[in-house]
Amino acid sequence: MDVRRRSVLTAAGAAGAVGAAGVLGSAGTASAAALGASHGHRDPNSLRELAEKVGLRIGTAIIPQDINTPAWAAVAASQFSVVTPGNEMKWQVVEPTQGVFDWSGADNLVAFAKANDQLIRGHTFCWHNQLPNFLTTGVANGSINQTQLLDLLEAHIFTEAGRYRGKIWQWDVCNEFLTDSNPSGVNPNDFWIKNAGPDVIERAFRWAHQADPHALLFYNDYNIGGEDGSNAKFQAAFNLAQGLLEKGVPIHGIGIQGHLDTQFGWSPQRLSDDIGKYASLGLKVAITEADARTFVNNPTDQVPTNGLENFAQPFEMDEMLKASLAHPELISFTVWGFTDADSWVPGFFTGEGFATIYDVNLNPKQAYLSMQSTLKLAALGAPHRVRTRTPHP
Ligand code: XIL
């Protein structure tokens, strides 16, 4: 079967296996309040219910606190139909010491998703960050050579993809391999490219496909939908995907991270154009980590220091959603954390925050209300999700 042409319906069918599969052994560790929070009580005005009407999945990244804090879990369950582990499926977390595995966080997320009728975006097999020390140290001191590194990656992918086989809708197989320069390209100094060789990307996709043939396999990166105001990385991502398809590599989608910052210019039209171009390759597209950060008073309260940002931040989130709705090949729109209290932004960008759709006290912000209105309008046909021609490579 040419998996590149698999329809959204088939993908959803594959994900149906998620529901059919048994609850994982450690499900009991997820809070009872979190499990089943949304069953039978669907709010028709929730993001997930509104988006379902137009064939879109709305997602969020999930950290353990989202599952363990009942009020947060209720929002995560009721508003979103797909979840991504913020960290819990990264190599550093699942195998901190060689041969010693900790699947507890990942298993909790899978159980949470099952209980709340959500699909899962697996994130991520092959990335230069959040690798276990044994791997980076071994490569640095020469005790892990190129062949051994490839063997370790193969084993890692088979172990993790195999464990969750049939339970993952989309896997981010490779993450952030492109340079930030203009023009951009695959970074020769990337940990994986440098130490495992330039064909590591295609190897990773082939292994992932063997390990879980029904998962949709994504290349995921930032600034590949013009998020930084330039469009430098778009062409590099397009070329990478096209090259992989020409070689028959099983890649099914492009993940545009969608980390915006209100201090930079940004063009929603360009994002829409970029989505359309990726789709023209016959690929699915996903917004995988949407947020829009801005400067704030402090990391605890996260009040924007410039009143205009109360308008810019929701505008940018909503425009990302609108650009997404214009393309039926865009199958999921995921926010990277749903409350400013669970966002990665204050910890990573000094002085910035206010990046999500709920405030630090879990009140829906204007960004939430704007996205909700947009989804309501979309259900009425504005903007139209017109099926575009997708040439088969
Ligand atoms: C971030 C997490 O949100 C943080 O908790 C962690 O400390 C670092 O990574 N691009 C990605 C994500 O692909 O995995 C990153 O997540 C954010 C940037």
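A residue counts as exposed when its relative accessible area is over 50%, as buried when that area is under 20%, and as partly exposed in between. By this definition Phe348, with a relative accessibility of 60%, counts as exposed. The structure in which Phe348 is placed is a predicted model.

**Confidence**

The protein chain has an average pLDDT of 89, and 87% of the residues score at least 70. Residues 1–39 are a stretch where pLDDT stays under 50. For these residues the model has 71 contacts beyond four places in sequence.

**Aromatic rings**

Twelve aromatic pairs are found in a search of the whole structure. One of them joins Trp344 and Phe348: the ring centres are 5.0 Å apart and the planes stand at 45°, so this pair is tilted. The tilted class holds because an angle of 45° is neither under 30 degrees, as stacked planes require, nor over 60, as edge-to-face planes require. Trp344 also pairs with Phe349, and here the arrangement is edge-to-face, with 5.2 Å from centre to centre and 85° between the planes.

The accessibilities of these residues can be set beside the cut-offs given at the start. Trp344 has a relative accessibility of 26% and therefore counts as partly exposed. Phe349, at 22%, likewise counts as partly exposed.

Elsewhere, one aromatic cluster is formed by Phe80, Phe338, Tyr358 and Tyr368.

**Charges over rings**

Phe349 has a further partner besides Trp344: Arg293 lies over the face of the Phe349 ring, at 3.7 Å from the ring centre. A second arrangement of this kind involves Arg121, whose charged end sits over the ring of Phe218, 5.2 Å from the centre of that ring.

**The ligand and its surroundings**

Which residues are closest to the ligand? They are Lys90, His123, Asn175, Glu289 and Trp336, and 13 residues surround the ligand in total. Polar side-chain atoms approach the ligand at the distances listed below.

| Residue | Ligand atom | Distance |
|---|---|---|
| Gln130 | oxygen | 3.2 Å |
| Asn175 | oxygen | 2.9 Å |
| Glu176 | nitrogen | 3.2 Å |

Asn175 thus appears both among the closest residues and in the table, with a polar side-chain atom 2.9 Å from a ligand oxygen. Glu176 is listed with a nitrogen atom of the ligand, 3.2 Å from an N or O atom of its side chain. Taken alone, the ligand exposes 420 Å², of which the protein buries 83%.

Conventions. Residues numbered from 1 in each chain as written. Predicted model: local features only at pLDDT ≥ 70, side-chain atom pairs only at ≥ 80, totals over all residues. Heavy atoms only, no water. pLDDT = per-residue confidence, 0-100. Contact = heavy atoms within 4.5 Å. Phe/Tyr/Trp six-rings, centres within 6.5 Å; stacked < 30°, edge-to-face > 60°. Buried < 20%, exposed > 50% of the residue type's maximum accessible area, 1.4 Å probe, protein only. Lys NZ or Arg CZ within 6 Å of the ring centre and 35° of its normal. Near = heavy atom within 4 Å. Polar contact = N/O pair within 3.5 Å; in protein donor to acceptor, adjacent residues only side chain to side chain. Areas by Shrake-Rupley, 256 points an atom, 1.4 Å probe, with all protein chains shown as cover.
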